[in-house]
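Q: I am in my first year of study and should like a close look at a single part of this model. Please take the sheet as the subject and explain in order how it is put together.

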Amino acid sequence: MTLGRGEGNPPSAFDFGKYLDGLFGYALVLSRNRAEAEDLVQETCLRALGAMERLHSESNVKGWLFTILRNIWLNELRRRRTTPEMVELDSDAKGVIDPPDTSKDPHAIYVGELVREQVRAAIGQLPVEFREVIMLREYEELSYQEIAAVLDCPPGTVMSRLARARSKLRELLPRLATTPPSQEKDEGRNGEAVA
Amino acid sequence: MANAPGSEEFPPRRNNDNNGRTICDDFAVGILRYLDNDLKGNELDEFRSHLPSCADCRKHLEEEEALSRLLHQTRPLYSAPAALRARVSATSIQHSVPIPVAESPYEGVFQFLREHLTRPGKRLLSLRVLVPAALILAVCLALVPDTVRQVQAASYVQSAAEEHRKYVGGHLHLGLQSSSPQVVTAWFAGKVPFDFRLPVAESAPQNEPKYKLTGAALVTYKGSPAALVTYEGQAGQISLLVASAKSAAVAGGDEIQFGKLTFHYLTNAGYRVITWSNHGLAYALVSSVAGPAKASCLVCHQNMADRDKYQMHP
């Protein structure tokens, strides 16, 4: 017979699982150091647990977690008063286990991982403010308003940075980022596409 | 082509403005919004109408679309290591268990022990006195918590019986008179510091209910608001006291396990009392009806599928 729940009922554990990949990726592009990224994520979760009662609704959890992580990173930078160590992302990515995609054949998985590594390397060459917006928008699908809240800047600035970040990425990934759709086009004498 | 005054359509109907911006400059800005499906109505029409006349902008759009496809197919870009996942999960579980904050009645004793065992020069004398004391304390530690709980449970039973006596004697002021479990549930909302809900009937009553819900009263237990629900039937009157398990304990009497619950059958002041705790709430069902005490459980179970377990059979 269930007659309600008492106020003394222990709360269930908060499930960070669905946010961990994104938090780790964001921490990695910020810190460019795997061990540091893991510490950032763990500290973020710890701080979030301590401040859970301040969360107003389920809808802003993701942006809130990324904001916490970024603030921890900024505080760490201030504490050290040094610029982040420039480490090749490829070396950081060693040991990172990507989720196996059992729906694809081994060749497709191998090719996919090559592409992913090239994209990681390209993003790693961007300035940190570009890396942030690319991760938050293209991978975490936060809205411009949510990204603006995380970065503490106007939404217009977010859009501007994203446009410039994408432009830079297109330069760094010329072959991969210019694959046309499967539909063939007619080309004019000068090689220009004809509508 | 000049823009109409006050117009804010996209893209502006001009080749360039005073700042030298062109339609293509504004088109570049709009691409992101277009890819986000954020352009609507006239803005979308203007955007699409520019494409056939500008190869550069078409190429720009195609490149942006290709980049979006590339980035999205590499999701997730990174995966959190399994060891990190395990650590975070352990941290989350650890922090979900409330740390007991109840004051220990033995803190003063422990402080006394610490002081005497660490004070130089007096250590030997202290050990002669304190070791036997520590042994006695260890025995007490094993017994006292249970004793304290028994005392608390007895206090709860006594309070429930007292409220029932007032109800039977007509001295209890019912804050609500209603036969509807939903109305009673709604009435308690915000009045008690816990989520209180009376069960509703699982099925249509086959016979006339043996006990009828009559009303509710807001009472206090150990200074905290508690819920009292009253019932009447041909066999007698029944009351149900519900309080937070933070202030009320249940223990003692004849313990009967039923499913995951432990019911405690007691008597107090001539009344039959059944207590149990569930989901952080302590319940005390008090009755003066004849027959098995569990028959009073019919106040809630008489309209449930398991009603037969509580029926009094001749």
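A: The sheet belongs to chain B, a chain with eight helices and eight strands. The model is a predicted one, and the description below should be read accordingly. Buried residues make up 27% of the 314 residues in chain B. Of the contacts in chain B with a separation of 6 or more, 54% are between residues 24 or more positions apart.

The overall plan comes before the details. Eight strands form an open sheet with antiparallel pairing, and their order across it is E1-E2-E3-E4-E8-E7-E6-E5 in chain B. The two edges are strand E1 (176-177) and strand E5 (254-258) of chain B, each of which pairs on one side only.

A helix also belongs to this picture. Helix H7 of chain B, residues 181-188, packs on the sheet and touches E1, strand E2 (211-221) and strand E3 (224-233) of chain B. The direction of this helix makes about 10° with that of E2(B).

The part of the sheet that begins at the edge strand E5(B) can be followed strand by strand. E5(B) pairs with strand E6 of chain B, residues 261-268, in the antiparallel sense, and the pairing extends over five bridges. Within this pair, B:Ile256 stands opposite B:Phe263 in E6(B).

The next step leads from E6(B) to E7(B). These two strands run antiparallel and are joined by five bridges. Here B:His264 has B:Thr275 in E7(B) opposite to it. E6(B) and E7(B) form a hairpin with two residues between the strands, and in this hairpin B:Ala269 takes a positive phi near 55°.

Strand E7 of chain B, residues 271-278, deserves a closer look. Is this strand mostly covered or mostly open? E7(B) is mostly covered, since six of its eight residues are buried. In the order of the sheet, E7(B) stands between E8(B) and E6(B). As a general point, the side chains of a regular strand alternate between the two faces of the sheet.

On its other side, E7(B) meets strand E8 of chain B, residues 281-287, and the two pair in the antiparallel sense over seven bridges. One bridge links B:Ser277 with its partner B:Ala282 in E8(B). E7(B) and E8(B) likewise form a hairpin with two residues between them, and B:His279 in the turn has a positive phi of about 50°.

To draw these steps together, E7(B) takes part in a hairpin with E6(B) and in another with E8(B). The pairing with E6(B) rests on five bridges, whereas the pairing with E8(B) rests on seven.

For context, chain A is built in another way: eight helices and zero strands are found in chain A. Of the 195 residues of chain A, 31% count as buried. One helix pair of chain A may serve as an illustration. Helix H7 (residues 144-151) and helix H8 (residues 155-172) of chain A pack at an angle of about 100°, with their axes 8 Å apart. H7(A) is therefore roughly perpendicular to H8(A). The contact is made by residues including A:Ile147 and A:Leu151 of H7(A) and A:Val158 of H8(A). By class, this contact of H7(A) with H8(A) has seven nonpolar residues, one polar residue and no charged residues.

Methods:
Residues are numbered from 1 along each chain as its sequence is written. Chains are lettered from A and ligands numbered from 1 in the order in which they are written. This is a predicted model: local features need pLDDT of at least 70, side-chain atom pairs count only at pLDDT 80 or more; totals for chains, interfaces and linings use all residues. Helices (H or I, at least four residues) and strands (E, at least two) are DSSP runs, numbered from the N terminus. A residue is buried if 20 or more other C-beta atoms lie within 10 Å of its own, exposed if 12 or fewer, and partly exposed in between; C-beta atoms are placed from the backbone. Axes are lines fitted to C-alpha atoms, for helices over the stretch in contact, and angles run from 0 to 180 degrees between N-to-C directions. Angles under 35 degrees count as roughly parallel, over 145 as roughly antiparallel, 65 to 115 as roughly perpendicular and the rest as oblique. Two residues are in contact if their C-beta atoms, placed from the backbone, lie within 7 Å. Ala, Val, Leu, Ile, Met, Phe, Trp, Tyr, Cys and Pro count as nonpolar, Asp, Glu, Lys and Arg as charged, and the others, Gly among them, as polar. Two strands pair if DSSP finds at least two bridges between them.
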